[in-house]
Structures are given as structure tokens and as C-alpha cells.
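Welcome! Let us take a friendly walk through this structure, one region at a time.

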Amino acid sequence: MAHTKPLLSRVADAVYWLGRYIERAENVARFLDVHHNLMLDLPQGYADQWQPIVDTTGDRAVFLERYGAATQDNVVRFLAFDPENANSIYSCVLAARENARSVRETISSEMWQQINSLYLLITAESRRSEPTDLPTFCHQVRMGCHLIHGILHVTMSHNEAWQFIRLGTLLERADKTTRILDVKYFILLPSVSDVGTPYDDVQWSAVLKSVSGFEMYRKRYGRIAPDRIVEFLLLDGDFPRSFRYCIGIADRALHAITGTPVGTFSCASEQRMGVLRSELDFASVEAILAAGLHEFCDAVQTKMNTIDECINGDFFAQRPLVSEARA
Amino acid sequence: MQFSSYRTEGFYDEMFQEDGTARPHFQLVEEIIQSLSDGQLLRYKHAAERLLLQLGITFNVYGDTAGTERIFPFDLIPRIIPAHEWDRIERGLKQRIHALNAFIDDIYHEQKILKDGAIPAEVVTSAVSYRKQCHGLNPPWGVWCHVTGTDLVRDSDGEYYVLEDNLRVPSGVSYVLENREVLKRIFPGVFEGLSVRPVNGYPSHLLEMLESLAPHPSGPPRVVVLTPGIYNSAYFEHSFLAQQMGVQLVEGRDLVVSGGDVFTRTTQGLERVDVIYRRVDDDFLDPQEFRADSMLGVPGLMAAYRAGRVALANAPGNGVADDKVIYAYVPDMIRYYEGEEPILPNVPTYLCWRDTDRKYVLENLGKLVVKAANESGGYGMLVGPHSTAAQREEFAVRIQADPRNYIAQPTLALSRVPTIVEDHFEGRHVDLRPYVLCGKDIYVLPGGLTRVAMRKGSLVVNSSQGGGSKDTWVLAAPASVPKGGRQQ
């Protein structure tokens with residue numbers, strides 16, 4: 001990348017977060033959609049379990065304080081439209097657009113227009129007293145986000161800015177996959193009485209659908225089995241939302257930015273990312289489950305937070321001036 | 001939609017003559033519009049509005065709720081300028097910009113024009129925008145006004161007058177380019193049969209001019225656009241121009257002065273900058289030299305500029321010639337520096353610091369337009385015929401307290417263009433802001449921004465005050481049209 005004009009630190013920061021927010025919005029829309037769909041399949045008693053979906057976005061405390069007991073209505077409001085929830089679809093799209101607006105000259109016009117269209121869709125929807133039916137709304141958001149990724153791929157040079165968007169996107173995706181797995185595994189596993197019942201199958205299928213992985217899992221493993229699902233979502237080398245796959249691509253994006261060969265490192269973020277990537281390359285699901293999935297998810301989330309901090313320090317933060325100037 | 005009920009009401013109309021027939025250069029467009037089926041023009045209008053919103057071509061209004069963005073109202077009926085009329089405007093603008101540059105360079109050097117008594121010295125030294133920090137500076141080619149957006153108006157006699165020079169950080173050119181794109185996309189048929197001179201060459205001319213200012217001849221010049229940030233009302237334009245030129249858009253916090261040079265802070269450390277197209281006012285440019293509380297500027301920038309390490313466009317200090325009192329002397333400058341009579345006349349201007357003028361102004365506030373000498377954007381202004389007694393009283397007090405800061409001009413009957421109002425056409429007043437680039441040579445973008453006072457009877461065209469805009473066509477001279485029809 002050294003032959004092209006290097007990116008402003010502020011711009012790198014903005015496009016990285018642009019990627020993260022779009023991905024976050026899409027994930028929240030998918031979680032909501034799949035969960036809503038699942039609730040329709042489950043008998044009364046099961047069907048009022050909306051709290052777990054809030055847990056997957058990591059906002060349990062905020063939600064309980066503001067809304068109390070979880071119902072379909074308040075969870076949808078909180079996750080889709082609540083401007084005070086920084087992780088609602090509305091807030092994510094707004095933040096993505098503000099970031100895009102501040103770097104309009106860096107991203108392609110087509111990309112800006114699509115982000116703006118998504119923003120106009122969400123603001124119109126948030127003003128309605130009676131929202132469009134949930135599946136349609138979630139579908140529109142997901143397709144809007146997919147379109148952004150597609151446009152990004154074919155209208156922008158695959159330059160440093162593009163790599164930063166990808167880096168942000170992949171780290172966010174990795175984060176969300178571990179979160180949904182962590183939350184769902186914790187809920188589903190204790191219900192031993194359900195093992196082998198139709199509901200067990202339906203619930204595990206829903207976990208896969210939450211990351212658009214149901215069909216691909218079937219092709220790979222066939223039968224629904226919790227251990228295999230964990231393996232698929234954490235360690236699969238080909239599925240684009242598996243944790244290992246996301247970290248692998250994020251690692252490559254990072255090396256494309258610095259120009260350092262993969263497998264070596266020139267800064268803290270590369271080192272941390274490289275360690276995580278190789279750990280996943282040589283991990284086994286049996287070992288992970290034996291040591292505890294929750295512990296594993298907790299540990300990798302801490303590692304991802306550290307990587308995020310390192311990226312901030314290596315690329316975005318204003319560094320001291322001395323001896324750095326090159327003409 | 002038909003023009004049959006349209007009336008010029010005694011104003012100079014750009015499209016229609018007094019007898020109700022279209023001017024020759026408007027006849028084709030009139031036919032095309034009248035041949036549209038019922039409601040088609042309104043459908044185009046709505047499509048254009050949707051497109052502008054989707055494209056995110058919006059501006060922020062100061063003092064409005066934070067984050068509120070509005071589209072700049074766009075009217076589909078173009079304003080057309082025939083080739084011979086434009087030719088004169090272009091020559092007039094070149095003459096004027098040339099003289100203004102000579103004036104500013106003189107004022108910051110020997111001040112010959114003051115010594116020769118062609119302009120009273122106290123007029124210059126009392127101008128708020130006169131920057132003593134700029135004395136003795138030598139920008140490349142003696143050019144201080146690299147990008148100018150001169151405001152022209154047409155009075156009831158059809159003559160073009162220069163209303164303001166806008167030398168500091170004129171905005172609006174992005175709307176010229178986008179208006180053309182939108183009209184071509186929404187209503188391509190209206191261009192049929194005419195050769196309209198294209199406007200999309202502007203970013204290339206701008207980039208070429210900016211690159212030519214680079215102080216370091218080795219290596220490709222590194223140009224950036226400096227913006228106050230996303231909350232500035234012209235932010236869209238700043239990012240648009242950076243994008244169209246393929247250069248970085250920076251904020252003050254992205255720049256740093258080190259070892260006398262200016263750098264951007266990048267992911268790979270500091271990168272030197274050669275040319276800054278700054279869209280930040282002088283006052284905010286460098287807290288070490290101008291306003292110390294500026295968060296938008298770059299400490300040390302003026303020192304780097306003075307040392308010739310970085311070029312700034314427009315040159316700091318050029319606002320001295322934007323002062324509305326000094327404006328009144330531009331015809332004298334043209335005579336002094338160019339030895340020619342002005343091609344484009346000024347609007348007659350009363351200077352309140354002259355006792356006789358002030359007396360006249362105070363007695364005729366109801367007829368005049370009063371302006372503060374150092375304001376722009378339609379702020380600090382009194383439009384006499386549309387004012388209340390209380391407003392006139394307020395201005396009378398202000399003028400007497402600070403006569404140097406006020407000028408007055410007769411209220412012009414600005415020319416009008418038919419404009420879509422609800423489901424029919426009404427005349428609306430317009431001005432014209434052509435854009436002039438000045439480096440080694442002077443380039444005038446054909447056309448410019450036609451701003452429209454959208455409120456009935458209003459003469460205020462500023463976007464901050466509810467103005468809109470129209471696509472502005474300059475027709476190619478018949479000889480310059482290539483054989484085989486119009487250019488695509």
C-alpha cells in the first residue's frame with residue numbers, strides 16, 4: 001500500500017466504524033427476524049422468551065433499567081428504533097451514515113447513496129406509529145446492508161480505505177457470531193429434557209439461521225448436533241460468518257494495510273490478531289467444549305477488545321510529532 | 001403545464017418578452033415544456049426532489065436544530081444565457097478579477113493606488129478584512145483570488161450589474177454541477193436541439209490551478225481541501241470537490257505544522273502537503289495569528305505560508321477587496337490598473353461614511369437596500385421596501401453609530417424566470433453567480449449558479465434564507481457547434 005497516498009487517521013477511523021456499524025445493524029436485524037420466526041414455531045410458555053435476544057447484543061443492563069420485563073413489543077422497539085440504544089438498528093445506521101458523510105470523498109458515490117437510502121428507510125420507518133411487519137422490515141435492512149457490501153466490493157478500489165472497512169466489518173461479524181453462540185448455547189444446553197424433541201431441533205436450527213448458516217451447515221454436516229454446530233460456527237474454514245474465517249480475513253486485511261507479510265508482525269494489532277488467528281487455526285472443538293464454551297467466548301471477546309484498542313493506537317490515534325515527519 | 005396564464009408583471013423576464021412571446025433563445029424550451037402531457041412536469045419535479053434527497057445533496061442551516069439537513073430547492077425550468085450575452089459577461093469578469101488581484105497585491109505592497117489618490121487610503125486601512133499580517137507576501141503570479149463567485153444581477157433594463165465580488169470562500173459551485181446532472185437525468189428531453197455548454201470540466205480546471213500553486217517543484221503536488229467539518233453549511237460542497245478532484249478532504253485537526261512544513265496525520269505517519277484549498281475563513285485559519293479561540297484552524301499554518309512552504313487558496317487577506325465600501329471603488333481600480341472602462345457596471349452605491357450619502361440614505365431607508373460592509377450570506381441586511389418601521393429605525397441607529405460599516409444601494413427590480421409554483425408557473429427573482437478560477441490564466445465556468453428567491457415577491461436569494469436554484473445554460477456560439485448536431 002505504500003505506493004498510494006496513505007489514509008488520514010481520522011478517515012481510517014471513520015471507515016473502520018462505518019464497516020462495524022453496517023455489520024452491526026445487519027446482525028441485529030437478522031437476530032430479530034430469526035427470533036421472531038422461532039417464536040412462531042414454539043408453544044406458549046416458550047414463546048415469550050425475548051430477553052435472550054437482548055443479551056446477544058450485550059445490552060442487558062440498559063434494557064432492564066429502561067424497559068423492565070422483555071416483551072416482543074419493547075424488545076423490537078429497543079433493538080430496532082430506540083435512538084437512546086447505541087446498538088439499535090436506527091442508531092447503527094445513523095452512526096454509519098454520519099461516518100460515511102465525514103468521508104464522502106473517500107468512499108464511492110454509489111456507496112454513499114446506498115447508505116443514505118438505508119438511512120432514509122430507517123428514519124421513515126421509525127416515524128411510523130404502526131411499523132411495517134417485522135419480517136419485511138428486517139428483510140429490507142438486511143438487503144440494504146448486503147447491497148452496501150456488494151457496492152463496496154465493485155465500486156471502490158481495494159485500497160487502504162477498503163481494507164479498513166473490511167477490517168471493521170469482519171471484527172464486528174466475529175464478535176456477533178461468538179455472542180449469539182454463547183447466549184444460545186447457555187440457554188439451550190440445560191434443557192436436557194428437550195434433547196431429541198422437535199423443539200430442540202427447531203431451536204438449534206434458529207441459532208444457525210441467526211448467522212445465515214443453516215443451509216451451509218446442512219451441506220457440511222447434515223444432522224443437527226450441538227457440538228458440530230459449535231465447530232461450524234467457531235472453526236469452519238469456509239463459512240463466511242464462522243469466527244475463524246472472520247479472524248482470518250481480518251488478519252489479511254490488516255496485513256494488506258501495513259504491507260507486512262502474513263505470519264509476521266510490525267505492530268501490536270498485527271501481533272494480537274496473528275496470535276488469535278493461529279490459535280483458531282489449530283483449535284479443536286472438543287478441547288473448547290471440555291474447557292467450557294462460555295469461558296472460551298469470554299476469552300476471545302476480551303482478545304478482540306484488545307485488538308480493537310491496538311488498531312486504535314496503531315492507526316487512528318494522534319501520535320507524537322517528533323521524528324515521525326517524512327517529506 | 002402551460003405558459004398561457006404567465007405574466008411578466010413589468011419585470012425583466014429572462015424567458016418572455018413584454019408582448020408575451022418567448023425570447024428567441026428560449027423558444028425551443030418553451031415548446032418542449034408545453035408539449036408535455038398533463039402533470040408530467042410535476043412528476044419530474046417530484047422525481048428531482050427524491051433524487052436530491054437520495055443523493056444526499058443537502059445543506060445545514062445555522063441556528064436550526066442540530067443535524068437538520070435540507071435539500072436546496074431546485075426548479076426545473078432552466079435559465080438560458082445566449083452566447084453573445086455570455087461572451088460579454090466573461091470578458092467583464094476577467095477584467096474585473098484581473099484588476100482586483102492587482103489591487104490586493106498593490107495594497108499589501110507599495111499601495112500605489114492609495115498614494116496616487118485613486119482610492120482614499122482610510123477606506124482601505126479601516127476595513128476589518130484588511131490583514132496587516134499579509135503585508136509583503138508574494139503568492140504565485142501575484143494572485144490572491146484563486147476562486148471567485150461574483151454575484152451578478154439584472155435590473156429592469158436587462159443590464160447585468162455586479163452586486164458583490166465574493167472573493168473569500170465563495171460556495172455554490174457544486175450545485176451548478178449537480179443541478180446539471182439532475183436535470184439531465186430527470187428531464188433529458190429539455191436539452192433537445194440546443195447546444196448547452198458543459199460544466200463538468202470545473203473540477204479539472206480547479207485541480208490544475210491548485211497544483212500550479214505548489215511551492216515545491218519536485219514530485220507530484222499534494223493538494224488537500226480544508227473544511228471546517230460536517231456541520232458547516234457548505235460541507236457537501238467541500239466533500240464533493242475533494243471527491244471530484246480525487247484529493248483528500250481534511251479538517252484542521254488532520255493537519256499539523258512541523259519543522260516549518262505542513263503535514264497530514266495519516267495511518268503511516270506524517271505526509272507533507274503542498275497546496276491547501278481552504279474553505280475556512282481567515283479568522284479561523286490559524287489560532288496563532290488570527291482568532292486564538294479557533295478550533296478549526298492549524299497552529300503555525302500562516303508561518304508556513306509566509307515562508308513559502310505551503311500554498312493557500314484563496315490567499316488570506318484577499319477579503320479586503322470584499323469589503324462593501326471598497327467594492328464601490330472597483331470601477332476606479334479597473335480604470336487605474338487596466339486603463340479600461342469597466343465592461344460590467346457596479347450597482348450604484350451610497351457610502352454612509354460620506355456625509356451627503358448618509359443623509360440621503362437615512363432619508364430614503366424605505367427605498368434602499370442597506371448592507372453591512374463585512375457580512376455575507378444575506379445577513380446584516382435591510383431590504384427597505386420589505387422592511388417594517390421598527391427595522392428601519394434599528395438600521396438608522398446602527399448606521400449613525402458606525403457609518404463606515406454601512407452602504408446602501410437602490411432596490412433593484414431583479415430579473416425573473418418562470419418557476420414552478422404548486423401546479424403553475426410564476427415569475428421569481430433570480431441572480432447569477434458565475435465562478436472564476438485564477439492561476440496563471442483566468443478561467444470562467446460557463447454559466448454559474450442561478451439562485452432563485454422562492455418566496456413570492458422576495459428579492460433574497462440566499463440558500464440560508466429560503467432561496468432555491470436553477471440549472472443555468474450558456475448556449476454555444478453557433479460556429480463552435482460541431483457538424484452533425486449538438487454535443488452529447
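## A parallel sheet in chain B

A good place to begin is a single pair of residues: Tyr277(B) has Ala313(B), in β13(B), as its bridge partner. Please keep in mind throughout that this is a predicted model. The strand on the other side of that pairing is β12 (residues 275-278) of chain B, which runs parallel to β13(B) and is joined to it by three bridges.

These strands belong to an open sheet of four, arranged in the order β8-β7-β12-β13 (chain B), with parallel pairing. Which strands sit at the edges? They are β8 (248-250) and β13 (311-313) of chain B, each of which pairs on one side only. From one strand to the next, the twist averages 30°.

## The helix that packs on it

Helix α8 (residues 235-245) of chain B packs on this sheet, where it touches β7 (223-226) and β8 of chain B. The direction of α8(B) makes about 150° with that of β8(B).

How many of the eleven residues of α8(B) are buried? Ten of them are, so the helix is mostly covered. Among the buried residues are the aromatic-named Tyr235(B), Phe236(B) and Phe240(B), along with Glu237(B), His238(B) and Met245(B). Just after α8(B) comes Gly246(B), with a positive phi near 70°.

## An antiparallel sheet in chain B

Chain B also holds another open sheet of four strands, in the order β14-β17-β15-β16 (chain B), and here the pairing is antiparallel. At its edges stand β14 (350-351) and β16 (381-383) of chain B; each has a single partner strand, so one side of each is left without a neighbour in the sheet.

Looking at one pairing in detail, strand β15 (residues 368-372) of chain B and β16(B) are antiparallel and share three bridges. Here Val370(B) stands opposite Leu382(B) of β16(B). A helix packs on this sheet as well: α14 (residues 389-401) of chain B touches β15, β16 and β17 (406-410) of chain B, and its direction makes about 135° with that of β16(B).

## A covered strand with two partners

Now find strand β22 (residues 449-453) of chain B. Is it covered or open to the outside? It is mostly covered, with five of its five residues buried. In a regular strand, side chains alternate between the two faces of the sheet. In β22(B), Leu449(B), Arg451(B) and Ala453(B) point one way, while Thr450(B) and Val452(B) point the other way.

Two strands pair with β22(B) in the antiparallel sense. One is β19 (residues 424-433) of chain B, paired over four bridges, and within this pairing Leu432(B) has Thr450(B) as its bridge partner. The other is β23 (residues 467-474) of chain B, also joined by four bridges, where Gly468(B) is the bridge partner of Val452(B).

## Helix pairs in chain A

Turning to chain A, look for α1(A) and helix α5 (residues 89-101) of chain A, whose axes come within 8 Å and cross at roughly 155°. That angle makes the two helices, α1(A) and α5(A), roughly antiparallel. The crossing of α1(A) past α5(A) is left-handed. Residues in this contact include Trp17(A), Leu18(A) and Tyr21(A) of α1(A), and Ile89(A), Cys92(A) and Val93(A) of α5(A). By type, the contact divides into 14 nonpolar residues, one polar and one charged.

A second pair is formed by helix α8 (residues 160-188) and helix α15 (residues 293-316) of chain A, with axes that come within 10 Å and cross at roughly 160°. These helices are therefore roughly antiparallel to each other, and α8(A) passes α15(A) in a left-handed crossing. Among the residues that meet here are Leu171(A), Ala174(A) and Tyr185(A) in α8(A), and Cys297(A), Val300(A) and Met304(A) in α15(A). This contact divides into ten nonpolar, three polar and three charged residues.

## Where the two chains touch

Finally, how many residues does each chain bring to the contact between them? Chain A gives 23 residues and chain B gives 27 residues. On the chain A side, α1 (9-41), α6 (109-127) and β1 (325-326) each supply at least two residues. The most come from α6(A), which gives five. The chain A side divides into ten nonpolar, six polar and seven charged residues.

Note on methods: Residues numbered from 1 in each chain as written. Chains lettered and ligands numbered in written order. Predicted model: local features only at pLDDT ≥ 70, side-chain atom pairs only at ≥ 80, totals over all residues. Contact = placed C-beta atoms within 7 Å. Nonpolar A, V, L, I, M, F, W, Y, C, P; charged D, E, K, R; others polar. Buried ≥ 20, exposed ≤ 12 C-beta atoms within 10 Å, placed from the backbone. Pairing = 2+ DSSP bridges. Axes fitted to C-alpha atoms, helices over the stretch in contact; angles between N-to-C directions. Parallel < 35°, antiparallel > 145°, perpendicular 65-115°, else oblique. Left-handed = near helix turned anticlockwise from the far one by under 90°.
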